[in-house]
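Work through the exercises below with the sequence and the structure side by side. Try each task before reading its solution.

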Amino acid sequence: MGLRDMFKGSGSGSNSEPAANPEMTEKGREYAIAKRHGDRKTANRIMREVAEAAPGDLTSFAAGRDSYNAIPPAYKKSRRSRRT
């Protein structure tokens, strides 16, 4: 069972109750921020920490991740700046 399988089906609107573990919710937000900004080192570190968590904590993590992912990016990176 991979990490993607653990979070499958955890949509942002599927759970209306508050997260059980606020620390894991914050880790979910940090993970989403790292993924959005392309920070692989931080994203991998957080996923290693989360891999050892209890199933209830995984739902809190997914709730935090989904809450940040629901916010659209403020701006798009221009293609011109990526070219060298």
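**Exercise 1.** Is Ser-67 buried, partly exposed or exposed?

Solution. The model is predicted, and local features need pLDDT of at least 70, side-chain atom pairs count only at pLDDT 80 or more, while totals for chains, interfaces and linings use all residues. Residues are numbered from 1 along each chain as its sequence is written, and side-chain values use heavy atoms, with hydrogens and water left out.

Step 1: recall the classes. Buried means under 20% relative accessible area, exposed means over 50%, and partly exposed lies in between (1.4 Å probe, protein chains only).

Step 2: apply them. Ser-67 has a relative accessible area of 32%, so Ser-67 is partly exposed.

Step 3: place the residue. Ser-67 sits in helix H4. Its C-alpha atom is 9.2 Å from that of Thr-25, although the two residues are 42 apart in sequence.

**Exercise 2.** Which class do Gly-64 and Lys-35 fall into?

Solution. Step 1: Gly-64 has 0% relative accessibility and therefore counts as buried. Step 2: Lys-35 has a relative accessible area of 52%, so Lys-35 is exposed.

Step 3: look at the surroundings. Gly-64 belongs to helix H4 and touches Thr-25, Gly-28 and Arg-29, leaving aside residues up to four places away in sequence. Contact here means heavy atoms within 4.5 Å. The C-alpha atoms of Gly-64 and Glu-30 are 8.5 Å apart, with their positions 34 residues apart along the chain. Lys-35 belongs to helix H2, and its C-alpha atom is separated by 9.9 Å from that of Asn-69.

**Exercise 3.** How many helices and strands does the chain have?

Solution. Step 1: count DSSP runs, numbered from the N terminus, where a helix (H or I) needs at least four residues and a strand (E) at least two. Step 2: the chain has 5 helices and 0 strands, in the order α-α-α-α-α. Step 3: add the chain totals. Of the 84 residues, 24% are buried. Among contacts between residues at least 6 apart in sequence, 77% join residues at least 24 apart.

**Exercise 4.** At what angle do H2 and H3 pack?

Solution. Step 1: fit lines to the C-alpha atoms, for helices over the stretch in contact, and take the angle between N-to-C directions, from 0 to 180 degrees. For H2 (residues 22–37) and H3 (residues 40–50) the angle is about 150°, and the axes are 8 Å apart.

Step 2: name the arrangement. That angle makes H2 roughly antiparallel to H3. The cut-offs are under 35 degrees for roughly parallel, over 145 for roughly antiparallel, 65 to 115 for roughly perpendicular, and the rest for oblique.

Step 3: list the residues in contact. Among them are Tyr-31 and Ala-34 in H2, which meet H3 residues including Ile-46 and Met-47. By class, this contact has 7 nonpolar, 1 polar and 4 charged residues. Nonpolar covers Ala, Val, Leu, Ile, Met, Phe, Trp, Tyr, Cys and Pro, charged covers Asp, Glu, Lys and Arg, and polar covers the others, Gly among them.

**Exercise 5.** How are H2 and H4 oriented to each other?

Solution. Step 1: the angle is about 45° and the axes are 7 Å apart. Step 2: H2 and H4 are therefore oblique. Step 3: their contact divides into 6 nonpolar, 7 polar and 5 charged residues.

**Exercise 6.** Which rings form the aromatic pair?

Solution. Step 1: rings of Phe, Tyr and Trp (its six-membered ring) pair if their centres lie within 6.5 Å; planes under 30 degrees apart are stacked, over 60 edge-to-face, and the rest tilted. The structure holds 1 such pair.

Step 2: the centres of the Tyr-31 and Phe-61 rings are 5.6 Å apart and the planes stand at 50°, so the pair is tilted.

Step 3: Tyr-31 lies in H2 and Phe-61 in H4 (residues 55–69), so the pair ties together parts 30 residues apart in sequence. Both Tyr-31 and Phe-61 are buried.
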